[in-house]
Amino acid sequence: MTERTHILILAGTFEARLLAKAACAAFPDVTVVLSFAGVVSDLPDTGVPTRIGGFGGADGLARYLKNHETRILIDATHPFASQMSWNAYHAAKQADVALMRLDRPPWAPGPEDNWTFVPDMASAAAGLDTGSRVFLAVGRKEISTFLDRIDLFALTRMIEPPADPLPDHWRLELARPAQSMEAERALLTTHRIERIVCKNSGGTRSFAKLAAARALGVPVTMIERPALPRVLAAETPEHILRQLAHYL
Ligand code: NAP
């Protein structure tokens with residue numbers, strides 16, 4: 001066992017970066033490493049030691065944990081990054097490492113919202129009105145599920161371009177979600193959007209589009225989260241820090 005405790009944080013969310021910085025500040029005797037999948041090229045500089053790229057499945061992650069004598073693994077990936085959450089679960093068991101998940105709560109509709117919940121992308125794609133104008137805020141990987149719906153006008157937004165070309169009459173915005181409700185409202189109005197399709201990601205960073213939908217009376221198809229393993233979980237970086245303080 002090395003002298004310093006090693007914590008590996010699986011990143012991919014805003015909260016993962018907050019947690020990594022806070023953990024470094026709160027526990028200076030601990031080595032914190034933040035791991036990114038590497039799907040986005042302009043990674044933010046957190047000032048926290050970082051590694052980039054996949055581990056090679058659960059077995060590869062288990063090997064990494066053993067080789068780096070990691071004691072705590074924190075799954076702070078996006079709630080829809082279920083493959084990685086399951087890998088973390090199996091790898092932590094294999095390497096006998098403590099596992100916690102930073103699990104931000106899902107969004108819930110208010111009285112002024114008009115949301116329809118669907119279990120997955122395929123159901124969302126199948127349920128869209130023929131010829132309608134939709135904002136597909138589903139990400140780069142999942143957009144492929146909608147490519148057969150060329151009857152739609154779709155506004156799509158993602159950080160990196162999709163693997164497959166989009167229909168010519170669709171509109172692709174290469175951007176992160178806007179943080180202001182006004183900006184999202186302008187986007188929906190400009191493109192005369194009649195419905196938003198999005199994942200129930202939770203958190204504050206991509207909520208503005210839902211506030212804009214509420215203000216404009218635009219209905220939302222909300223894709224429910226995939227099933228994740230049952231592990232020790234907390235909703236905020238602060239809660240995880242408290243759990244770490246007990247554990248360390
Ligand atoms: P995924 O399907 O759950 O994972 C696919 C593979 O990517 C994993 O098997 C793993 O490769 C690698 N990977 C994922 N997260 C990693 C991490 N933090 N560090 C190192 N390798 C990682 O994930 P995804 O949905 O493609 O998402 C990829 C990343 O983007 C995740 O980190 C996630 O937090 C972030 N993200 C995802 C979404 C979303 O909607 N899915 C939204 C925002 C951000 P190996 O098997 O080779 O280890």
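The following legends describe close-up views of a predicted model.

**View 1. Packing of helix α5 against helix α6.** Helix α5 spans residues 181-190 and helix α6 spans residues 208-216; their axes lie 8 Å apart and make an angle of about 60°. Because of this angle, α5 is classed as oblique to α6. The two helices cross in a right-handed sense. On the α5 side, the contact is formed by Met181, Glu184, Arg185, Leu188 and Thr189. On the α6 side, Ala208, Lys209, Ala211, Ala212, Ala213, Ala215 and Leu216 take part. Sorted by class, the residues of this contact comprise 8 nonpolar, 1 polar and 3 charged.

**View 2. Packing of helix α1 against helix α7.** Helix α1 (residues 14-26) and helix α7 (residues 237-247) cross at roughly 40°, and their axes come within 9 Å. The crossing angle therefore makes α1 oblique to α7. The crossing of α1 and α7 is right-handed. Helix α1 contributes Glu15, Leu18, Leu19, Ala22 and Ala23 to the contact, while helix α7 contributes Pro237, Ile240 and Leu241. The contact of α1 with α7 has 7 nonpolar residues, no polar residues and 1 charged residue.

**View 3. The buried residues of helix α2 and their surroundings.** Within helix α2 (residues 57-67), the buried residues are Ala58, Gly60, Leu61, Ala62, Tyr64 and Leu65. These buried residues pack against four strands and one helix, namely β1 (5-10), β2 (30-36), β3 (50-52), β4 (70-75) and α3 (82-95). Glu69, a residue with positive phi, follows α2.

**View 4. Arg101 in strand β5.** Arg101 belongs to strand β5, which covers residues 98-102. Its relative accessibility is 7%, so Arg101 counts as buried, the cut-off being under 20%. When neighbours within four places in sequence are set aside, Arg101 contacts Asp75, Ser85, Leu228, Pro229, Val231, Leu232, Ala233, Ala234 and Ile240. Among these partners of Arg101 is Ile240, a residue that also takes part in the contact of α1 with α7.

**View 5. Glu69 in the loop between α2 and β4.** Glu69 is located in the loop that runs between helix α2 and strand β4. The phi angle of Glu69 is near 50°, which is a positive value in a residue other than glycine. With a relative accessible area of 29%, Glu69 is partly exposed.

**View 6. Arg192 in the loop between α5 and β10.** The loop joining helix α5 to strand β10 (195-199) contains Arg192. For Arg192, phi is near 50°, again positive in a residue other than glycine. The relative accessible area of Arg192 is 55%, so this residue is exposed.

**View 7. The cysteines Cys24 and Cys198.** Cys24 has a relative accessibility of 27% and therefore counts as partly exposed. Cys198, by contrast, has a relative accessible area of 0% and is buried. A disulfide is a covalent bond between the sulfur atoms of two cysteines. With a disulfide taken as a pair of cysteine sulfur atoms within 2.5 Å, the count for the model is 0 disulfides.

Definitions and conventions. Residues numbered from 1 in each chain as written. Predicted model: local features only at pLDDT ≥ 70, side-chain atom pairs only at ≥ 80, totals over all residues. Heavy atoms only, no water. Axes fitted to C-alpha atoms, helices over the stretch in contact; angles between N-to-C directions. Parallel < 35°, antiparallel > 145°, perpendicular 65-115°, else oblique. Left-handed = near helix turned anticlockwise from the far one by under 90°. Contact = heavy atoms within 4.5 Å. Nonpolar A, V, L, I, M, F, W, Y, C, P; charged D, E, K, R; others polar. Buried < 20%, exposed > 50% of the residue type's maximum accessible area, 1.4 Å probe, protein only.
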